[in-house]
Amino acid sequence: MTLRPEDHSRHDEHGNVFLPSPDQRIRIGYLPGGDDDALWKIAAYTRPLASPRWAAAFSSNVPTEFVTAFTTALVPLYEPDGNAFLTGGIGYKLHPVSPVVQPLLDAGWALTQTWRPELRSPDGLAGAWFDRSDLDPDDELTTNETRWGMWGGSGYARWYAVFSTHTPTRLITATATAVADPAPVLRWPGELSLMTRELATITPVRVPAPTPQDVARARRPAPALQTVAVPRWSTSTPSARLPGPARTATRR
């Protein structure tokens, strides 16, 4: 599927950006003006006006590479007349969970529990879980009481990603692969908090000189933003658990 953001994206006065698939059965939201700490929300529907079949959320501090890994794996599953993006999820009885989180195990993450699996990175600064308990389907779509989750960082630099029961496992595996990827990533100095600087290995790189095309693009006036009312697929709910050792949540 080739999808150009300028053809389908919508904006509102709060800076939120909404990108639906042409048939409205997949909706991606970038929500800096949202009512909780989930910056990215992605949901899939059997039909446009139905409740979500599955939903995923990424917090405001999540590295964008993890969101990109998820959406990159999602796009090939979408066909206007197909349902591949709606299938491939699992229930609470999956055993073992290792096929889904194999990239984390290959990177040396420790499986600390088996019945209610918890995984922890070698440095203790990231983790993942799979919840085998009976979960409320509605809560899974609007809170962090979800089947799958990942977290990382500490203090104000903490991030999380959560996935409801029916999220295709290949999308979770793609996210886990990105989380475990040791390849360096580019960051501007202002993007790193003091806590991140203390924990990260930083190697300065020289920024290449802009090309004439870059200069021309920078001088080009920005297109006017469209303002449109777009229904939210999540509502405010009481706080749930925050991904991490304490398993409490801030997403609502």
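Two residues count as being in contact when heavy atoms of theirs lie within 4.5 Å. By that yardstick, take the contacts in this protein between residues at least 6 apart in sequence: 53% of them join residues at least 24 apart. The model is a predicted one. It has 252 residues, and 41% of these count as buried. As for secondary structure, there are seven helices and 10 strands.

A good place to start is strand β4 (38–45). Seven of its eight residues are buried, so β4 is largely enclosed by the rest of the structure. It has strand partners to go with that. With β3 (26–30), β4 runs antiparallel, and five bridges join the two. One of the residues involved is G29, whose bridge partner in β4 is K41. With β5 (52–59), β4 again pairs in the antiparallel sense, here over seven bridges. Y45 stands opposite P52 of β5, and six residues sit between the two strands of this β4–β5 hairpin.

K41 deserves a closer look. This lysine belongs to strand β4, and its relative accessible area is just 1%; buried means under 20%, so K41 is buried. Its side chain has company, though: a polar contact of 2.8 Å links it to the side chain of D36.

Next comes helix α2 (64–74). Its buried residues are F66, V67, A69, F70, T71, A73 and L74. What lies over them? The cover includes the strands β3, β4, β5 and β10 (159–163), along with helix α5. So β4 turns up here too, as part of what covers the buried residues of α2.

Strand β10 brings in F163. With 0% relative accessibility, F163 counts as buried. Leaving out residues up to four places away in sequence, F163 touches A55, A56, F58, F70, E140, T146, R147, W148, G149, M150, I172 and T175. F70 in that list is also one of the buried residues of α2. F163 and F130 are 33 residues apart along the chain, and 9.8 Å separates their C-alpha atoms.

Then there is the empty space. Rolling a probe the size of a water molecule over the atoms shows where such space is left. In this model the largest pocket holds about 1,900 Å³. It is lined by 48 residues, and those closest to its centre are V185, R187, L192, T196 and A200. By type, the lining divides into 32 nonpolar, 10 polar and six charged residues. At least two lining residues each come from β4, α2, α5 (169–180) and α6 (194–199). The largest share belongs to α6, which gives four. Strand β4 and helix α2, both described above, thus have a part in the pocket wall as well.

One last spot is a loop. G124 sits between β7 (118–120) and β8 (126–130). Is this glycine buried or exposed? With a relative accessible area of 29%, G124 falls in between and is partly exposed. Along the chain, G124 and G152 are 28 residues apart, while in space their C-alpha atoms are 8.8 Å apart.

How values were computed
Residues numbered from 1 in each chain as written. Predicted model: local features only at pLDDT ≥ 70, side-chain atom pairs only at ≥ 80, totals over all residues. Heavy atoms only, no water. Buried < 20%, exposed > 50% of the residue type's maximum accessible area, 1.4 Å probe, protein only. 1 Å grid on protein atoms, 1.4 Å probe; cavity = no way out; pocket = protein on both sides within 12 Å on 5 of 7 lines; lining within 4 Å. Points joined across faces, edges and corners; volume = space filled by probe spheres on them. Nonpolar A, V, L, I, M, F, W, Y, C, P; charged D, E, K, R; others polar. Pairing = 2+ DSSP bridges. Polar contact = N/O pair within 3.5 Å; in protein donor to acceptor, adjacent residues only side chain to side chain.
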